[in-house]
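Thanks for coming. I will take a few minutes to go through one structure, starting with a term we need and then moving from rings to core to charges.

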Amino acid sequence: VREIGCSNFSAEQMRAARAAAGPRHFASVQNEYSLLHREPEKEVLAECGKEGLAFLPFFPLASGALTGKYRRGEAPPEGARLTASSSMKDRFLNDPNFEVVEKLRAFAESRGHALLDLAFSWLLSHRPDPATPIGDTLEALDELVRSGKVREIGCSNFTAQELCEARDAAQGARFVSVQNEYSLLHREPEKEVLAQCGKEGLAV
């Protein structure tokens, strides 16, 4: 492994781990974080910023509850993720969550957007949340493509390894381009990114 991280750690546990660590320290922490679960904002995000740790949210779209596909009083779509587990369904599709989701949907739609647009843009713009898992990112972007809101999707400042991870994680829409800094004074993409773009047929 190149780096190590932790998951579901409190700020206190992160501090204890740092105090006890030898030559290696955690480089990241992965905790649940979304518009429906903002617990990390109490202490964990501040601790990540203080210690320079990457924060990796899991369930950033509340396992689909923030995509707009689930509505109170209506049967979930056939084959939807939350139909496979009653415990997960009870955890995310409950009255308190629906109360929040309905308000978020109304807010988004009053401004000409879908709930998914709001949930996804919130994740992208929220400063302490720089690393949404690529699989969830592509799932959300695929929803935008299939709804006709965008025609194609691309990425920016991706490494060759990240391009490979995005390719492997894609279930629907795939990146068609990558936008990285490149000039006579900055030729970093020549090391790996340009070759990977050529291999995958991506525009640069």
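Before anything else, a cut-off: a residue is called buried under 20% relative accessible area, exposed over 50%, and partly exposed in between. Please also keep in mind that this is a predicted model.

Take Arg 72 as the test case. Its relative accessibility is 31%, so Arg 72 counts as partly exposed. Arg 72 forms a salt bridge with Asp 95, and the closest N and O atoms are 3.3 Å apart. Arg 72 sits in the loop between strand 3 and helix 3, while Asp 95 belongs to helix 4, so this pair ties together parts that are 23 residues apart in sequence.

That is one salt bridge; how many are there in the whole structure? The search finds 15. Another one joins Arg 146 and Asp 142, at 2.9 Å from N to O. Both of these residues lie in helix 6, 4 residues apart, which is about one turn of the helix. The two ends of that bridge do not get the same label: Arg 146, at 58% relative accessibility, counts as exposed, whereas Asp 142, at 15%, is buried.

A further salt bridge links Lys 191 to Glu 188, with 3.2 Å between the closest N and O atoms. Here Lys 191 is exposed at 62%, and Glu 188 is partly exposed at 42%. Returning to Arg 72, salt bridges that share partners join Arg 72, Asp 95, Glu 99 and Glu 102 into one network.

Now the aromatic rings. The structure holds 6 aromatic pairs. In one of them, Tyr 33 and Phe 55 meet edge-to-face, 5.6 Å centre to centre with 85° between the planes. Tyr 33 is in the loop between strand 2 and helix 2, and Phe 55 is in strand 3, so the pair ties together parts 22 residues apart in sequence. Both Tyr 33 and Phe 55 are buried.

Tyr 33 also pairs with Trp 122, this time tilted, at 5.3 Å centre to centre and 55° between the planes. Trp 122 lies in helix 5, so that pair ties the loop holding Tyr 33 to a part 89 residues apart in sequence. Tyr 33 has 0% relative accessibility, and Trp 122 is buried at 14%. Taken together, ring pairs link Tyr 33, Phe 55 and Trp 122 into a cluster.

Next, the nonpolar core. Which residues touch the most other members of the largest one? They are Leu 66, Leu 163 and Phe 175, out of 47 residues in that core. Several elements supply at least two residues each, including helix 2, helix 4, helix 7 and strand 5. Helix 5 gives the largest share, 7 residues. Leaving aside residues up to four places away in sequence, Leu 163 touches Cys 155, Phe 158, Val 178, Val 193, Gln 196, Cys 197 and Leu 202.

Last, strand 4. Its side chains alternate: Ile 153 and Cys 155 point to one face and are buried, while Gly 154 and Ser 156 point to the other and are not. Strand 4 pairs with strand 5 in the parallel sense, over 4 bridges. Within that pairing, Ile 153 has Phe 175 as its bridge partner in strand 5. The chain gets from strand 4 to strand 5 through helix 7, and this β-α-β crossover is right-handed.

Note on methods
Residues are numbered from 1 along each chain as its sequence is written. This is a predicted model: local features need pLDDT of at least 70, side-chain atom pairs count only at pLDDT 80 or more; totals for chains, interfaces and linings use all residues. Side-chain values use heavy atoms; hydrogens and water are left out. Rings of Phe, Tyr and Trp (its six-membered ring) pair if their centres lie within 6.5 Å; planes under 30 degrees apart count as stacked, over 60 as edge-to-face and the rest as tilted. Buried means under 20% relative accessible area, exposed over 50%, partly exposed in between (1.4 Å probe, protein chains only). A nonpolar core is a set of buried Ala, Val, Leu, Ile, Met, Phe, Trp, Tyr and Cys residues joined through side-chain atoms within 4.5 Å. Contact means heavy atoms within 4.5 Å. Two strands pair if DSSP finds at least two bridges between them. A crossover is right-handed if, with the strands pointing away from the viewer, the path from the first strand over the helix to the second runs clockwise. A salt bridge is a side-chain nitrogen of Lys or Arg within 4 Å of a carboxyl oxygen of Asp or Glu.
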